[in-house]
Amino acid sequence: MTEEKPVMVVTEDGDVTADMVITQLNRRGVSVVRFNPADIGATLTVTARFGSCPAPVSGQVRTPSRSADLEDVRAVYWRRPVWPAFEYLPDPDARFAAAQVRYGLGGVLYALRDCLWVNHPLMNAAADYKPAQLALAQRLGFIVPPTLVTNDPDEARLFISEHGNVIHKALRWTPYQRDGVGLTAWTEPVRDGELDDTVRVTPHLFQARVDKAADLRVLIVGQDVFAVRIDSGLLDWRKDYGALTYGVVDLPDSLVRNLHSYLGHLGLVSGSFDLAVDHDGDVHWLELNPNGQWGWLEERTGLEMAASFADLLTQGEVDARAR
């Protein structure tokens, strides 16, 4: 592997977390090509050839300042890309154009197999289903809080009656606005008297509340493990970052092995785990974010997370599971 082989960073504009990693890559003398799929047709060009050259896919991705030969890419850091919506086109044309970009540009990128993906977007997507996460966590021996996914209000009321202290959480974070105001679906307590027939419209996730002493956010990057204890007294610590205190902790070897095994089952090389510690010191599974935010944790704790990502991307070792 030569130092000329570039790392592609695929993300939205203004991604400060990606900037942190790119700074570390620059310090290592690694060539970086950063782009956002939403810029196709303006500042982003892709050309790919199949079946007419020795490599399975060859060609280039070009921006005004950088270019990457597809067959020479050492690693792809898939951060927070935004796909184009083509809002200036009529709706049918916009839907058609958006699909062509996802399956054209996306298909070209997904075809890259002789490089390291952090993480491959198709594997990220497969890992992002909370019900599947819960089942895998139980199979691997994690303590999983009793959880119900249903659109039957009677089943939900019965679950609340059985477990008493129950929370509701969104099955997936989704950009949401009401009257032009952005909203976030926080994890909230729920009581049976609050439920009505609108529950039938979509599945909901109800979960017995863990009597937690603190939260754990664990970031794994390759073989590196960064574990941070978050103390707040909040059910959902995301609601008030000013109320949080942080402490770097060491995890038991058995828990580290389970977390690595979890990522391995999903074909991921990185992920952010949310866990809860109860008052007896037992660790409970909450969820995995395969592409979670971590930049603020580095700032708060001094843990060298960006450097770890840069080291992994510089190595560019092929993940055989993605072939």
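**Close-ups of a predicted model: sheets, helix packing and a few odd backbone spots**

**View 1. The E14–E15 hairpin.** Strand E14 (residues 212–221) and strand E15 (residues 224–231) run antiparallel and are joined by seven bridges. Strands here (E, at least two residues) and helices (H or I, at least four) are DSSP runs, numbered from the N terminus. Two strands count as paired if DSSP finds at least two bridges between them. Look for Asp215, whose bridge partner in E15 is Ile230. The hairpin has two residues between its strands, and Gly222 takes a positive phi near 60° there. A quick note on the numbers: this is a predicted model, where local features need pLDDT of at least 70, side-chain atom pairs count only at pLDDT 80 or more, and totals for chains, interfaces and linings use all residues. Residues are numbered from 1 along each chain as its sequence is written, and side-chain values use heavy atoms, with hydrogens and water left out.

**View 2. The five-stranded antiparallel sheet.** Zoom out from the hairpin and you get an open sheet of five strands in the order E16-E15-E14-E17-E18, with antiparallel pairing. At the edges sit E16 and strand E18 (283–289), each pairing on one side only. From one strand to the next, the twist averages 25°. Axes are lines fitted to C-alpha atoms (for helices, over the stretch in contact), and angles run from 0 to 180 degrees between N-to-C directions. E15 is joined to strand E16 (residues 245–248) by four bridges, again antiparallel, and Asp231 stands opposite Thr245 in E16. On the other side of the hairpin, E14 pairs with strand E17 (residues 270–278) in the antiparallel sense over nine bridges. Asp215 shows up again here, standing opposite Ala276 in E17.

**View 3. Helices on the five-stranded sheet.** H6 lies across E14, E15, E17 and E18, and runs at about 140° to E17. H8 also packs on this sheet, touching E14, E15 and E17, and its direction makes about 30° with that of E14. Contact here means heavy atoms within 4.5 Å.

**View 4. H4 against H6.** The axes of helix H4 (residues 130–139) and helix H6 (residues 253–266) come within 11 Å and cross at roughly 130°. That makes H4 oblique to H6; for the labels, under 35 degrees is roughly parallel, over 145 roughly antiparallel, 65 to 115 roughly perpendicular, and the rest oblique. The crossing of H4 and H6 is right-handed, the term for a near helix turned clockwise from the far one by less than a right angle, with anticlockwise being left-handed. From H4 the contact takes Gln133, Leu136 and Ala137, and from H6 it takes Tyr262, His265 and Leu266. By class, that contact has four nonpolar, two polar and no charged residues. The classes put Ala, Val, Leu, Ile, Met, Phe, Trp, Tyr, Cys and Pro under nonpolar, Asp, Glu, Lys and Arg under charged, and the others, Gly among them, under polar.

**View 5. H1 against H8, plus a salt bridge.** Helix H1 (residues 16–27) and helix H8 (residues 305–315) pack at an angle of about 60°, their axes 8 Å apart. That makes H1 oblique to H8, and their crossing is right-handed. H1 brings Met20, Val21, Gln24 and Leu25 to the contact, while H8 brings Ala306, Ala307, Phe309, Ala310, Leu313 and Thr314. Sorted by class, the residues of this contact are eight nonpolar, two polar and no charged. H1 also hosts Asp19, whose side chain meets that of Arg34 in a salt bridge (2.5 Å, N to O). The pair links distant parts of the chain, with Arg34 in strand E2 (residues 32–35) and Asp19 in helix H1, 15 residues apart. The structure holds 13 salt bridges, each one a side-chain nitrogen of Lys or Arg within 4 Å of a carboxyl oxygen of Asp or Glu.

**View 6. The parallel sheet and its neighbouring loops.** Four strands form an open, parallel-paired sheet in the order E2-E1-E6-E7. E2 and strand E7 (116–118) stand at the edges with a single partner strand each, so one side of each has no neighbour in the sheet. Neighbouring strands are turned by 15° against each other on average, direction ignored. Strand E6 (residues 75–78) and E7 pair in the parallel sense over three bridges, with Tyr77 opposite Val118 in E7. The peptide bond from Val118 to Asn119 is cis, with omega near -15°, and Asn119 is in the loop between E7 and helix H3 (121–126). In the loop between E6 and helix H2 (91–110) you'll find Phe86, a residue other than glycine with a positive phi, near 50°.
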